[in-house]
Amino acid sequence: MNFYIKTYGCQMNERDSEALSGMLAARGWTRTEREDDARLLIFNTCSVRDQAERKALGKIMHMKKLKRRNEDIIIGVIGCMAQRMGDELFTELPHIDFVLGTGQLHELPDLVAQLVEERGVVHRAMLTGYSDDVLSGMSAHCFDENTPPVFGSVAITRGCNRFCSYCIVPYVRGREISRPADDVIAEIGQLAARGVREILLLGQNVAAFGLNGVLTPPPEDVSPFAELLERAAGVEGIARIRFTSPYPTYFSQRLIDTIAAEPKICRAIHLPVQSGSDRILKAMNRQYTAVSYLEIVNRLKRAVPGICFSTDVIVGFPGETEEDFAATRALMEEVGFDNAFIFKYSPRRGTVSAKHEDSVAMEDKERRNQLLLDDLAARSLRHNLALIGRRVEVLAEGPSARNPQRWCGKTSTAKTVFFAPIPGVNPGDMVTLEIARATHMSLFAGNISDLPDNE
Ligand code: SAH
Ligand code: SF4
Ligand code: F3S
């Protein structure tokens, strides 16, 4: 029987969907990309912004027609929105069969087996409790058989304890828990044995790994996360390690030294800043100031030459003035971010900041959003042009999806490089290429300079 799974939201959700796909495959299910081909349809949802919820609700609503055509199909809503809304979803979407929250995701295979076998007896199911087993129960993987598994991701923590005032995640993902380091390393070993070369470690605050959910940052000489990175780098076959996202204040000297000393740890750090205004940072319950954030960035820049930064920013937080926004813009320039996800503030019911008026007009949010995107494009073009003539090390991924005549790969600094296929070079190999051209999005190696750059 075929299943279809659609994922909304962050990389944690992508990873959960992958694990669930692997678990279903082990039970004899086959994944399909076509909705009308599936007996089971799963929607793994996100609640972080209103738009994310609306998008999923619209799509699932649309599935009504499939259900009308075939009563036997099973439709499930899982993940963060399932956790947040629970049985409200049955009212909004009367054609769905189950709701499964983030705390019991590992129970999906049993749940669908029951719904298939007891069709006519059990019509609907809802599981939105929290079970500790979800931590160990979600380690399965599932690779697309047509593409070599160059990249793999591993969740190292679940949940979040930080309660940033705007954020729904702690409410829908529960308290922060870290997996045992041995389990993480074993999972990385299994991926490496399948040919995975680059590992992405995932968590809402990865740098708090192994700290038992404490809110105070560790002493300078402590970082269980750094110890995990060292062990991961030692796994045979692993060439690169990335992680997302670390909360800024957890960058102890121990962690900075580890990144500096281990070249397999990628020179691209995603360090969510949210705002450059101290007043707004305080209202967001982010435990740093613009100056202390910059201090972490500068320590990393000094310790790790060539390091690049990306970030998350929210524009239009309640009370954000033009002056606050200007501070964000200035901070972004000062750090020199190569990439950033810019979000327009979206009030989430139940969070602290939702109690305040969503005071910034949509047109101001949009204008601020666009200004930051324009700054970013100009800055990354500048950075990328500076790479012309330089030789960079690229992890080859394989043929590019849009133009299979050319290959793509990534630098340690997370920049995409397009190049002409090289005889003897396979996906997962490391190649050194000279950059001939650049746009704000990508780099082009000298060996494809005769091909058009309409990528
Ligand atoms: N744990 C990560 C972030 C996870 S959510 C971290 O703290 O770094 C991803 C991003 O969504 C956040 O960094 C934030 O920029 C954005 N976000 C979260 N809640 C939001 C809201 N209510 N409105 C707009 N953006 C939001
Ligand atoms: Fe949300 Fe803050 Fe936790 Fe990130 S650290 S998931 S922004 S509460
Ligand atoms: Fe969204 Fe849940 Fe991730 S709310 S951002 S999918 S943790």
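Glutamine 274 sits in the loop between strand 12 (268-270) and helix 12 (278-283). The model is predicted. The phi angle of glutamine 274 is near 75 degrees, a positive value in a residue other than glycine. Glutamine 274 also belongs to the surroundings of ligand 1, where it is one of the residues that come nearest.

**Ligand 1**

Ligand 1 has 15 residues around it. Those that come nearest are Gln204, Pro272, Gln274, Asp312 and Ser346. Three polar approaches to ligand 1 are listed here.

| Residue | Atom in the residue | Atom in ligand 1 | Distance |
|---|---|---|---|
| Glutamine 274 | polar side-chain atom | oxygen | 2.7 Å |
| Arginine 286 | polar side-chain atom | oxygen | 3.4 Å |
| Serine 346 | backbone N or O atom | nitrogen | 2.8 Å |

Glutamine 274 and arginine 286 use side-chain atoms here. Serine 346 uses its backbone.

**Ligands 2 and 3**

Which residues surround ligand 2? They are Cys160, Arg162, Phe163, Cys164, Tyr166, Cys167, Val169, Pro170, Gln204 and Arg286. By class, this shell holds 7 nonpolar, 1 polar and 2 charged residues. Arg286 is in the ligand 2 shell, and a polar side-chain atom of arginine 286 also lies 3.4 Å from an oxygen atom of ligand 1.

Ligand 3 has its own shell. Cys10, Asn13, Cys46, Ser47, Val48, Cys80, Arg173 and Gln204 surround it. This shell divides into 4 nonpolar, 3 polar and 1 charged residues.

Gln204 links the three lists. It is among the residues that come nearest to ligand 1. Gln204 is also found around ligand 2. Gln204 appears once more around ligand 3.

**Domains 1 and 2**

The domain assignment splits the chain into domain 1 (2-127), domain 2 (143-266), domain 3 (268-383) and domain 4 (391-448). Take the first pair. The centres of domain 1 and domain 2, taken over C-alpha atoms, are 27 Å apart. In this pair, 14 residues of domain 1 are in contact with 14 residues of domain 2. Together the two domains bury about 1,200 Å² between them, with 55% of it on carbon and sulfur atoms. Which residues of domain 1 lose the most area to domain 2? They are Gln11, Met12 and Arg15, together 44% of what that side buries.

Charged and polar pairs also cross between these domains. There are 3 salt bridges between domain 1 and domain 2. Arginine 173 forms a salt bridge with aspartate 16, and their closest N and O atoms are 3.1 Å apart. Arg173 is also one of the residues around ligand 3. Across the interface, 7 residue pairs are in polar contact.

Which elements give two or more residues to the side of domain 1 that touches domain 2? Helix 1 (11-26) and helix 4 (80-85) do. Helix 1 gives the most, with 6 residues. By class, this side of domain 1 has 5 nonpolar, 5 polar and 4 charged residues.

**A cis peptide bond**

One more backbone feature deserves a look. Threonine 244 and serine 245 are joined by a cis peptide bond, with omega about -5 degrees. Where is serine 245? It lies in the loop between strand 11 (240-244) and helix 11 (253-261).

How values were computed: Residues are numbered from 1 along each chain as its sequence is written. Chains are lettered from A and ligands numbered from 1 in the order in which they are written. This is a predicted model: local features need pLDDT of at least 70, side-chain atom pairs count only at pLDDT 80 or more; totals for chains, interfaces and linings use all residues. Side-chain values use heavy atoms; hydrogens and water are left out. Domain bounds come from an automatic or database domain assignment. Contact means heavy atoms within 4.5 Å. Buried area is the accessible area (1.4 Å probe) that two parts lose on being put together, summed over both. A salt bridge is a side-chain nitrogen of Lys or Arg within 4 Å of a carboxyl oxygen of Asp or Glu. A polar contact is a pair of N or O atoms within 3.5 Å; within protein, one must be able to donate a hydrogen and the other to accept it, and residues adjacent in sequence count only if both atoms are side-chain atoms. Helices (H or I, at least four residues) and strands (E, at least two) are DSSP runs, numbered from the N terminus. Ala, Val, Leu, Ile, Met, Phe, Trp, Tyr, Cys and Pro count as nonpolar, Asp, Glu, Lys and Arg as charged, and the others, Gly among them, as polar. A residue is near a molecule or strand if one of its heavy atoms lies within 4 Å of it.
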